[in-house]
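Here is a set of exercises to work through with the viewer open. Try each task before reading its solution.

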Amino acid sequence: MNTLVEKFRGLTEREQRLVIISAVVAAIAIFYFAIWSPINYALTQQQLLRDNQQQLLTWVQESAARAKQLRRSSSTTQTLTGSLPQAVNRTTTRHNIEISRMQPQGDELQVWVDQAPFNDVLAWLKTMESMGVVILQADIAEADAAGYVKIRRLQLGKA
């Protein structure tokens, strides 16, 4: 360290000022690139994450409120009269859906459909729910044709 001080004192006054200014600029650059920039970047990332989480929370709260409202409104729906397979057969014919397999299991019914238009399936399920049928499980996949779906397994029950 003493050798550096001696070399510094051996410089002219103009060179000493230049070395001091260079040292200050280097210190500022090190501070900016090693401390300030990483902290600022991390802060920006955390703010973005917080904003995304806030949007997600808002969406979840709205969805929960909508689900509660739907649950209350669905409790006023009528109950199914007659058997579940009869209701499924009646409504699928009305909505142009061809059932490939139907399997009763006690008070529940499992239904498979090879291919049906997506909008028709939605309308059919809405009709079934309005009749008092509850969708217990649904495994629906995209079919080969555009706009069509296949129901791998749909488990229905009475409300």
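The exercises below concern a predicted model, and each is followed by a worked solution.

**Exercise 1. Domains**

Task: Find which domains the chain is assigned, and how far apart their C-alpha centres lie.

Solution: Start with the bounds. The domain assignment places domain 1 at 2-75 and domain 2 at 84-158. Next, take the C-alpha centre of each domain: the two centres are separated by 53 Å.

**Exercise 2. The annotated span**

Task: Locate the span that UniProt lists as "transmembrane region" and describe its secondary structure.

Solution: Begin with the record. The unreviewed UniProt entry gives residues 18-39 for this feature. Now look at the model: residues 18-39 are 100% helix and 0% strand, with 30 Å between the end C-alpha atoms. Ile39, for its part, belongs to helix 2 (residues 13-74). Is Ile39 buried or exposed? Its relative accessible area is 53%, and the cut-off for exposed is over 50%, so Ile39 is exposed. Finally, go from Ile39 to Ser73: they are 34 residues apart in sequence, and their C-alpha atoms are 51 Å apart.

**Exercise 3. An aromatic pair**

Task: Count the aromatic pairs and classify the geometry of what you find.

Solution: The count is 1 aromatic pair. Its partners are Tyr32 and Phe33, with 5.0 Å from centre to centre and 85° between the planes. Planes over 60 degrees apart count as edge-to-face, and the Tyr32 and Phe33 pair is accordingly edge-to-face. As a last step, check accessibility. Tyr32 has 41% relative accessibility and is therefore partly exposed, while Phe33 reaches 62% and is therefore exposed.

**Exercise 4. The largest nonpolar core**

Task: Find which residues of the largest nonpolar core touch the most other members, and which elements give two or more residues to it.

Solution: The core holds 19 residues, and those touching the most other members are Val88, Val111, Val121, Trp124, Met128, Leu154 and Leu156. Two or more residues each come from helix 3 (84-94), strand 2 (108-117), helix 4 (118-130) and strand 4 (148-158). Now take Leu154 and list its contacts, leaving out residues up to four places away in sequence: they include Val111, Trp124, Leu125 and Ile135, and also Gln110 and Gln137.

**Exercise 5. Thr127 and its neighbours**

Task: Decide whether Thr127 is buried or exposed, and list what it touches.

Solution: First, place Thr127 in helix 4. Its relative accessibility is 16%, and the cut-off for buried is under 20%, so Thr127 is buried. Setting aside residues up to four places away in sequence, Thr127 touches Thr91, Arg94 and His95.

**Exercise 6. A loop residue and a charge over a ring**

Task: Describe the backbone and setting of Asn96, then find which residue lies over the face of Trp112.

Solution: Asn96 sits in the loop between helix 3 and strand 1 (101-105). Its phi is near 55°, a positive value in a residue other than glycine. With 63% relative accessibility, Asn96 counts as exposed. Turning to Trp112, the residue over its face is Arg101, at 4.1 Å from the ring centre.

**Exercise 7. From Met1 to Pro104**

Task: Place Met1 and give its separation from Pro104.

Solution: Met1 is in the segment before helix 1 (2-9), and at 77% relative accessibility Met1 is exposed. Between Met1 and Pro104 there are 90 Å from C-alpha to C-alpha, for a sequence separation of 103 residues.

Methods. Residues are numbered from 1 along each chain as its sequence is written. This is a predicted model: local features need pLDDT of at least 70, side-chain atom pairs count only at pLDDT 80 or more; totals for chains, interfaces and linings use all residues. Side-chain values use heavy atoms; hydrogens and water are left out. Domain bounds come from an automatic or database domain assignment. A nonpolar core is a set of buried Ala, Val, Leu, Ile, Met, Phe, Trp, Tyr and Cys residues joined through side-chain atoms within 4.5 Å. Buried means under 20% relative accessible area, exposed over 50%, partly exposed in between (1.4 Å probe, protein chains only). Helices (H or I, at least four residues) and strands (E, at least two) are DSSP runs, numbered from the N terminus. Contact means heavy atoms within 4.5 Å. UniProt positions are given in the numbering used here, feature names are shortened, and annotations may be inferred rather than shown by experiment. Rings of Phe, Tyr and Trp (its six-membered ring) pair if their centres lie within 6.5 Å; planes under 30 degrees apart count as stacked, over 60 as edge-to-face and the rest as tilted. A charge sits over a ring if NZ of Lys or CZ of Arg is within 6 Å of the ring centre and within 35 degrees of the ring normal.
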